[in-house]
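I opened the notebook today to look up one residue and one strand, and to write down what I found about each. The entries follow the display.

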Amino acid sequence: MNRKEFLKMTAGLAGGVAGVPLMRKLAAAGSASSSGGAPLADLLAQAEASGGDEAFWKLIRGQFILDPNWTYLNFGGLGSCPVPVLNALVEFTQAEERAPSAGHDEKAWQEVKAKLARSLGKTCRKEDLGLIGGATEGVNVIVNGLDLKKGDEVITSTHEHVAVHSALLNRMQRDGIAIRLFEPDIVSAAGNVDRIARLITPRTRLVIFSHVTCTTGQLFPVKEIAALAHARKIWFALDGAQAPVCSPFDIVETGVDFYTCSTHKWMMGPKRTGFIYVRDGMLDALRPQTVGGGSSKSYDVAKGEFVLNPTAARYESGTQNDALFYSLGTALDLVGTIGVDRIARRCRPMAERFYMGLGEIPGVERLSPEEEAYRTLMIGFRMKTHANTQIMEQLAKDRIKARPVSEGGLNAVRVSFYLNNTDADVTAILESLKRLAA
């Protein structure tokens, strides 16, 4: 979607009356900027035409209501909804409260899925996507929905978010599955394929880990790992909470069987939004664990009949907070208006400058991959002379927000760079760390 299309879609569609389908009264507030209420796409075009690239990015930064007294470097932990998304959320919520209705506008719901599918690659189908509450929910759908029995083995990494390890440990205690761990190789991406291959036995049923790690921002060679898993007839799943937008990819081309993501990080959607993707032909392998209204195509309790929805909507059930997901649609429009490639060109140099700068500070150990192609917008590091609590105290003293990393016993810190940041923020954190090192 170009900026003119974004403007046409969002301008002049506020308000509405009870009884009018929600998506026919999209909020004009959803496209308003924090600098005066005019449609954001129009302002972006004007800024770029008159002031060039920097004016464009300044206006983008102005869409976040982050505390201006702090340098926020933790978008990978928790994103901040830009003003257009916040305004849309208010408008959609008010519209729903004016005319409460069971279920949701199916056309509007499918439009959000279509936008999401387009953001995930050229051949991703909306039918393969379910809208859920986030990656933690999706990981549990995957881990609990597959037919795993006592003694079956699951391979994962030592650098996983608590959601992955907790779900696996819970299934281990309940059903007796076995968990096998590999330590990520930060020197060679191919080394990760080898490490996983060495763990595979005849009892291995599932490989599940992060597309991009929450610890060090490491991108894994997922296509090669998918090929390995499929050759051994092993299910392959990814926790993609950190990947979309942060590290552009085509979800179908990865070869993954199951994929889940929280869209409140790099996609800038509201909290408690996310998705689960199930590769075409794999639905019957993943049984939903929570079902209700929307999960089934048909049911008859008297006859004992229950036919699941033939799409990934089978993983959606019950009353939804529709406004959250309609606002996610606004966030996806904004990402599309800016352009994922353009976001990468803006943010990647900041992350790379920080990575290189860390190498010049005495006592700092860089934990993100040595191969640039497998680094992302998140960089992890630790200091030989200071615990991560001390590093965090120093950063807080300088009003810099990052994320401590305890996963994998790393005793580290992770820094994220995104649309709210400038090169001055890179300088600020490097100088803060230099003072601590001194």
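**Entry 1: a serine and its surroundings**

Leaving aside residues up to four places away in sequence, I found that S157 touches H165, L181, F182, P184, I208 and F209. I keep in mind that I am reading a predicted model, not an experimental one.

I then asked where S157 is placed, and found this residue in strand β3, which covers residues 153–157.

Is S157 buried or exposed? The relative accessible area came out at 0%, and because the cut-off for buried is under 20%, I entered S157 as buried.

Looking next for polar partners, I noted that the side chain of S157 makes a polar contact with the side chain of E160, at 2.5 Å.

**Entry 2: strand β7**

I moved on to strand β7, residues 258–262, and checked how far this strand is covered: five of its five residues are buried. Taking the two sides in turn, I listed F258, T260 and S262 on one face and Y259 and C261 on the other, and found both faces covered, with all of these residues buried.

Which strands pair with β7, and in what sense? On the one hand, I found strand β6, residues 235–239, running parallel to β7 and joined to it by three bridges; within this pairing, I recorded F258 of β7 as the bridge partner of A237. On the other hand, strand β8, residues 274–278, pairs with β7 in the antiparallel sense over five bridges, and here I noted S262 standing opposite G274 of β8.

Technical notes:
Residues numbered from 1 in each chain as written. Predicted model: local features only at pLDDT ≥ 70, side-chain atom pairs only at ≥ 80, totals over all residues. Heavy atoms only, no water. Helix = DSSP H or I, 4+ residues; strand = E, 2+ residues; numbered from the N terminus. Buried < 20%, exposed > 50% of the residue type's maximum accessible area, 1.4 Å probe, protein only. Polar contact = N/O pair within 3.5 Å; in protein donor to acceptor, adjacent residues only side chain to side chain. Contact = heavy atoms within 4.5 Å. Pairing = 2+ DSSP bridges.
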